[in-house]
Amino acid sequence: MLYAILGIVLGTIAGIFFPANIPPEYSRYTAVAILALLDSLFAAIGAQTKKEFNVGNFITGLVFYAFITAFFVYLGDKLNLDLYLGVTVVFMFRIMQNIGVLRDFYFKRFYNMEEKKQYFPLVFLRASPLP
C-alpha cells in the first residue's frame, strides 16, 4: 500500500513539473488507453477482494485490452467511423460492473460487521408490576 501511495505522489509531482501535451490526433487513443487501464485496475481490485488475483493475469489483460482497443480505434480511423465511442461504452460498462462488485463486497463486509456487534436492549422500568 505504501508503494501505491508513493507512486501516486511521485506521478502527480512528475505530471506537474513535466506536463505532456497530447496531440489532438492521438486523443482518441489516449482516452481508450486510460479506460483500458482503469478497467484492468478495477478488475484487479475486484479479483483481490475475491482472493483470486494473479499478477500475470492482470498484466496480460492490461496489455491485451490496450492493444485491442488501439486496434479498434485505428480501424475506425481508417474506415472513417467513430469506433472509439463503442469501445468507450463497453469499457465504461465493464468499469461500472467492477465498481458494483466492489460495492457489494464492501457493503456485505460492513453489514456483517454491524451484525456481529451486540446491541443491548433497553430495559424499561415500569412503575407498576405486570398483571
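Which side chains meet in a salt bridge with an N to O distance of 3.3 Å? Selecting Arg103 and Asp104 shows the pair, whose side chains meet at that distance. Arg103 counts as exposed because its relative accessibility is 53%, while Asp104, at 33%, counts as partly exposed.

**The whole chain**

Before going further, keep in mind that this is a predicted model, with an average pLDDT of 83 and a score of at least 70 for 85% of the residues. Coloured by secondary structure, the protein shows 4 helices and 0 strands, in the order α-α-α-α along the sequence. If the colouring is switched to pLDDT, helix 3 has the highest mean among the elements, at 91, and helix 4 the lowest, at 85. Of the 131 residues, 15% are buried, and the accessible surface comes to about 11,100 Å², with 71% of that area belonging to carbon and sulfur atoms. Among contacts between residues at least 6 apart in sequence, 74% join residues at least 24 apart.

**The other salt bridges**

The structure holds 3 salt bridges, and the next one to select is the pair Asp77 and Arg28, whose side chains meet at 2.7 Å, N to O. This pair links distant parts of the chain, since Asp77 belongs to helix 3 and Arg28 to helix 2, 49 residues apart. Asp77 has a relative accessibility of 32% and therefore counts as partly exposed, and Arg28, at 30%, is likewise partly exposed.

Move then to Arg94 and Asp39, which form a salt bridge at 2.9 Å, N to O. Here too the pair links distant parts of the chain, with Arg94 in helix 4 and Asp39 in helix 2, 55 residues apart. Arg94 is partly exposed, at 28% relative accessibility, whereas Asp39 is buried because its relative accessibility is 0%, under the 20% cut-off.

**The nonpolar core**

Next, select Val32, Leu35, Ala36, Val73, Val87, Phe91 and Ile95, the 7 residues that make up the largest nonpolar core. Helix 2 and helix 4 each supply at least two residues of this core. Centring the view on Val32 brings up its contacts with Thr69, Val73, Tyr84, Val87 and Thr88, once residues up to four places away in sequence are set aside.

Still in helix 2, go on to Thr49, which counts as buried because its relative accessibility is 14%. Apart from neighbours within four places in sequence, Thr49 is in contact with Leu102, Phe105 and Tyr106.

**Two loop residues**

Which loop holds Lys51? Lys51 lies between helix 2 (27-49) and helix 3 (55-79), and its phi is near 65 degrees, a positive value in a residue other than glycine. With 72% relative accessibility, Lys51 counts as exposed.

Asn80 can be selected next, in the loop between helix 3 and helix 4 (83-116). Asn80 also has a positive phi, of about 60 degrees, although it is not a glycine, and at 71% relative accessibility Asn80 counts as exposed.

**A nonpolar patch on the surface**

For the last stop, show the surface and select Ile5, Val9, Ile13, Ile16, Phe17 and Phe18, which form a nonpolar patch with about 660 Å² of accessible area together. Within this patch, Ile5 can be found in helix 1 (residues 2-17), and at 45% relative accessibility Ile5 counts as partly exposed.

How values were computed: Residues are numbered from 1 along each chain as its sequence is written. This is a predicted model: local features need pLDDT of at least 70, side-chain atom pairs count only at pLDDT 80 or more; totals for chains, interfaces and linings use all residues. Side-chain values use heavy atoms; hydrogens and water are left out. Patches are made of residues with over 30% relative accessible area and no salt bridge: like charges are joined within 9 Å, nonpolar side chains (Val, Leu, Ile, Met, Phe, Trp, Tyr) within 5 Å. Accessible areas come from the Shrake-Rupley method with a 1.4 Å probe; for residues, only the protein chains shown count as cover. A salt bridge is a side-chain nitrogen of Lys or Arg within 4 Å of a carboxyl oxygen of Asp or Glu. Buried means under 20% relative accessible area, exposed over 50%, partly exposed in between (1.4 Å probe, protein chains only). A nonpolar core is a set of buried Ala, Val, Leu, Ile, Met, Phe, Trp, Tyr and Cys residues joined through side-chain atoms within 4.5 Å. Contact means heavy atoms within 4.5 Å. pLDDT is the predictor's confidence in each residue, from 0 to 100.
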